[in-house]
Structures are given as C-alpha cells and as structure tokens.
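User: I keep running into labels like "buried" and "oblique" and would like to know where they come from. Can you take me through some?

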Amino acid sequence: MIGKASSKPMATVYFGSSAVDRPSGEASLPAKLRRILARFDMAAICKKDRVPIKMHLGGGVGYTTVHPVFVRVVAQAVKEAGGHPFVVDGGFDTIASAAQRGYSPETLGCPVVSAGGPYDSHLVTRKVRYRTLRELHIFGAIWDAPCLINLSHVKGHGDCAYGGACKNIAMGCVDGPTRGALHALEGGITWHADECSLCGRCVEACDRGAIHLDKAKRKLWINYHHCRFCRHCIVACPRKVLEMTDAAGFRHFQEGMALSTKIILGSFDPRRVLHINLLTNITAICDCWGMSCPSLVPDIGVMATADIVAIEAASLDAIKAERFIPGTLFKGWTLGEGDHLFEKIFGKDPYGQVRALERRGLGSARYKLVEVR
C-alpha cells in the first residue's frame with residue numbers, strides 16, 4: 001500500500017485498543033492513553049515550558065471530534081511532567097465557540113487559546129516554492145512554542161482521502177489564505193468554456209454531485225472534495241469540453257500538506273514533539289464540515305509516537321475495508337475500486353501523503369506496533 005520498502009529505521013508506535021475486556025475504568029481507552037503517555041519521557045518533552053496541545057476543535061453541530069476526556073488525560077500528563085499545557089487551534093471564531101462542543105478550561109483542565117491571537121494576526125511567513133504555493137502564514141502560537149503535542153482525530157477527507165496528524169499540522173497551523181492556497185493545488189479536470197453548450201450531461205453523469213453548472217452565468221466548477229476522478233463526466237460530454245489534464249491533482253494537495261508539515265515541524269526540536277492519533281468516530285468527512293455522520297468502521301483505539309510518518313501509516317493500516325459498516329455512507333455514495341477503504345470511498349490513495357512525508361525526511365513508514373493494555 002505504501003510502496004517500495006523503506007530503508008529507514010523502524011519506528012515504535014504505541015497502541016491502545018478501544019476494546020474493553022472487563023467493566024473497569026482502568027480497562028477503558030482513556031486509561032490506556034494514560035499508560036501510553038507513561039512510555040514517553042514527558043519531562044524531556046515539556047521541560048517545564050508552556051506546552052501547546054494542537055487539536056481540531058470542530059465547529060457547528062459536530063460531535064465526533066476528540067472527546068474532552070482524552071484531552072484532559074493528555075493535559076494531566078503534561079502537568080505531572082512539570083509542563084504547563086494549553087489547547088490551541090487556529091482561528092479566534094473556532095475558539096470562541098469551542099465551549100459549545102465541550103471544550104473549556106473546566107472540561108480540559110487547561111486554557112484554550114487561539115493560535116493566531118484574538119485577531120488571527122499573529123503570523124510568521126515562510127517562503128516556499130511548490131507549483132502555485134508560494135508562502136505559508138503560520139500561526140505564531142505554534143511557531144513560537146518550544147515543543148508540541150499533536151493530538152489528532154482520524155477520519156476520511158474528500159480532498160486527500162484521509163485526515164490525521166499531517167492534516168492537523170499542515171492545515172490547522174496556518175491561516176485561511178494559506179489553507180486556500182493549499183486547496184488550490186487540487187485540480188486535474190479542465191473545462192473548455194468557449195466550446196461548451198451547457199447541456200448539463202456532465203452534471204447528470206456525476207454520482208457524487210461534484211459538478212456545478214450555472215447556465216445563466218455560463219460557469220462550471222468542480223468540487224474536488226467529492227470528485228473521484230472516475231471520468232464519467234468526460235465520457236458523457238458530447239462536445240468533449242471536459243479534459244483530464246492532470247490525474248494527479250489530489251496528489252499535489254497531499255504533497256503541499258507534506259511540505260507545510262515539514263516547515264512547521266522544522267521549528268521544533270524533534271525530541272520535543274509527540275503525535276497522538278485517536279481512531280474513534282472515524283467518519284467519511286473532516287471535522288471542519290461542522291457536522292457529524294456515522295462511523296465507517298468500529299472504533300479502533302489510540303496511537304502515539306514521535307514519528308509522524310509511522311503514526312499515519314499505522315493508522316491507515318488499522319482501518320480495514322472488510323470492517324466497513326454498511327449504511328454509513330451518504331445517500332447515493334457507493335464503494336468503488338481501490339485497496340484501502342478510503343480509496344474505495346474517495347477514489348484517492350490515502351497513502352500518498354505518507355509517501356510524501358517520508359520523501360521529505362519526516363520519519364519512517366516502517367513501524368513496530370506495541371500494544372499497551
């Protein structure tokens with residue numbers, strides 16, 4: 001799935017299963033996370049500093065983000081190690097509404113802070129050169145921090161098939177214009193407007209509702225979150241005004257996220273970064289939709305490691321297509337071709353971002369899974 005075997009050293013990924021073998025709090029997932037954190041030198045990570053816990057706090061009426069009880073376990077571990085934790089996410093509006101979804105200092109045991117300040121203006125600019133992506137505007141509360149705990153909720157994502165630790169950093173630590181520039185890397189289908197009769201057959205051929213046609217304004221646009229690159233629209237067009245010009249469009253987005261992640265993590269001593277992936281409530285869409293939908297597979301558990309490549313590879317490997325729960329996709333959606341469940345849903349290879357992270361030297365896709373009971 002990942003590709004050619006890596007020659008890099010094998011990383012250790014600690015895993016706690018969501019399975020509970022007895023009716024006891026100590027056998028449940030939050031307790032397993034506490035025991036997983038005890039496997040790390042938290043004092044060396046924290047060093048009595050202020051410790052940001054980077055999360056995606058969701059929005060709207062979403063309720064399948066990381067449950068506050070897990071955040072509290074992490075915050076408590078930081079405190080016991082001598083650190084001063086605070087939960088951080090980008091965007092003041094997100095922080096202002098976080099308590100509506102259960103995220104408050106009282107529930108988490110630590111402050112909740114906007115990564116860009118009250119005006120989303122505390123930013124650090126870094127120049128890049130990747131296709132149309134020219135610079136990143138990184139939130140200052142992340143860039144200035146001496147260490148980082150990257151606490152991510154694993155889920156599907158229409159633009160890149162998968163959202164986890166990489167997306168939490170790449171898209172969650174930059175401002176809105178930068179996120180827009182990253183999304184602008186998507187594409188792959190060109191519309192030749194001058195030759196289009198606006199017949200709408202492409203719209204009818206798309207089973208995901210990814211194509212939108214405004215006949216009055218003579219405009220057509222494609223939502224690449226929904227697009228599976230199935231080419232049905234291209235085949236259906238009688239005038240051939242839709243052309244597949246870059247079938248790797250979504251992979252450019254994955255590469256852009258890997259680049260963003262590399263630059264942001266480059267501001268930290270790698271020995272002071274910890275990645276935690278929560279594999280519960282694994283839904284088809286990202287938490288940024290501000291809503292929730294049914295879990296695609298049964299809850300799996302929690303993973304933690306210092307290696308972002310390893311935790312992404314391990315998380316994807318743990319999501320088995322054969323455990324798919326029928327009836328959890330949106331109306332009209334069906335499973336297509338592919339090896340991974342997310343590829344069957346979105347038509348995009350989720351391991352693309354793992355390979356991109358590894359190529360950029362951020363870790364190893366080879367890992368040893370150690371279960372903590």
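Analyst: Sure, we'll go label by label, and keep in mind that this is a predicted model.

User: Let's start with Asn-150. Why is Asn-150 called buried?

Analyst: Buried means under 20% relative accessible area. Asn-150 comes in at 0%, so it counts as buried. You'll find this residue in strand β7, which covers residues 148–153.

User: Which residues is Asn-150 in contact with, leaving aside its neighbours within four places in sequence?

Analyst: Lys-54, Ala-165, Asn-168, Ile-169, Leu-274, His-275, Ile-276 and Ile-308.

User: And what makes the link between the side chains of Asn-150 and Ser-152 a polar contact?

Analyst: The cut-off is a pair of N or O atoms within 3.5 Å, one able to donate a hydrogen and the other to accept it. The two side chains are 3.2 Å apart at that contact, and it is listed as polar.

User: Now the opposite label. How do you know that Ala-99 is exposed?

Analyst: Exposed means over 50%. Ala-99 has a relative accessible area of 52%, so it gets the label. Ala-99 sits in the loop between α4 (92–96) and α5 (105–108).

User: What about Lys-48, buried or exposed?

Analyst: With 66% relative accessibility, Lys-48 counts as exposed. It lies in the loop between α2 and β2, and its phi is positive, about 60°, although it is not a glycine. Lys-47 is in the loop between α2 and β2 too, and its phi is near 50°, again a positive value in a residue other than glycine.

User: Can a whole helix get a label like that? Why is α12 described as largely enclosed by the rest of the structure?

Analyst: Helix α12 runs over residues 308–318, and nine of its 11 residues are buried, so that description follows. Those buried ones are Ile-308, Val-309, Ala-310, Ile-311, Glu-312, Ala-313, Ala-314, Ser-315 and Leu-316. At the start of α12, a side-chain oxygen of Asp-307 also reaches to within 2.9 Å of the backbone nitrogen of Val-309.

User: On to helix pairs. Why are α1 and α3 called roughly parallel?

Analyst: Angles under 35 degrees count as roughly parallel. Helix α1 (residues 29–37) and helix α3 (residues 68–80) pack at about 25°, with their axes 10 Å apart. The two are therefore roughly parallel, and their crossing is right-handed.

User: Which residues make that contact between α1 and α3?

Analyst: From α1 there are Leu-29, Pro-30, Leu-33, Arg-34 and Leu-37, and from α3 there are Val-69, Phe-70, Val-73, Val-74 and Ala-77. Sorted by class, that contact has nine nonpolar residues, no polar ones and one charged.

User: What covers the buried residues of α1?

Analyst: The cover includes β1 (11–17), α2 (42–46), α3, β14 (273–279) and β15 (301–305). The buried residues themselves are Leu-29, Ala-31, Lys-32, Leu-33, Ile-36 and Leu-37.

User: Last one. What makes α11 oblique to α14?

Analyst: Helix α11 (residues 249–265) and helix α14 (residues 352–359) pack at about 40°, with axes 9 Å apart. Roughly parallel needs an angle under 35 degrees and roughly perpendicular needs 65 to 115, so about 40° fits neither, and α11 is oblique to α14. The crossing is right-handed.

User: Which residues meet where α11 packs on α14?

Analyst: Gln-254, Glu-255, Met-257, Ala-258 and Thr-261 in α11 meet Gly-352, Gln-353, Ala-356, Leu-357 and Arg-359 in α14. They divide into four nonpolar, four polar and two charged.

Note on methods: Residues numbered from 1 in each chain as written. Predicted model: local features only at pLDDT ≥ 70, side-chain atom pairs only at ≥ 80, totals over all residues. Heavy atoms only, no water. Buried < 20%, exposed > 50% of the residue type's maximum accessible area, 1.4 Å probe, protein only. Helix = DSSP H or I, 4+ residues; strand = E, 2+ residues; numbered from the N terminus. Axes fitted to C-alpha atoms, helices over the stretch in contact; angles between N-to-C directions. Parallel < 35°, antiparallel > 145°, perpendicular 65-115°, else oblique. Left-handed = near helix turned anticlockwise from the far one by under 90°. Contact = heavy atoms within 4.5 Å. Nonpolar A, V, L, I, M, F, W, Y, C, P; charged D, E, K, R; others polar.
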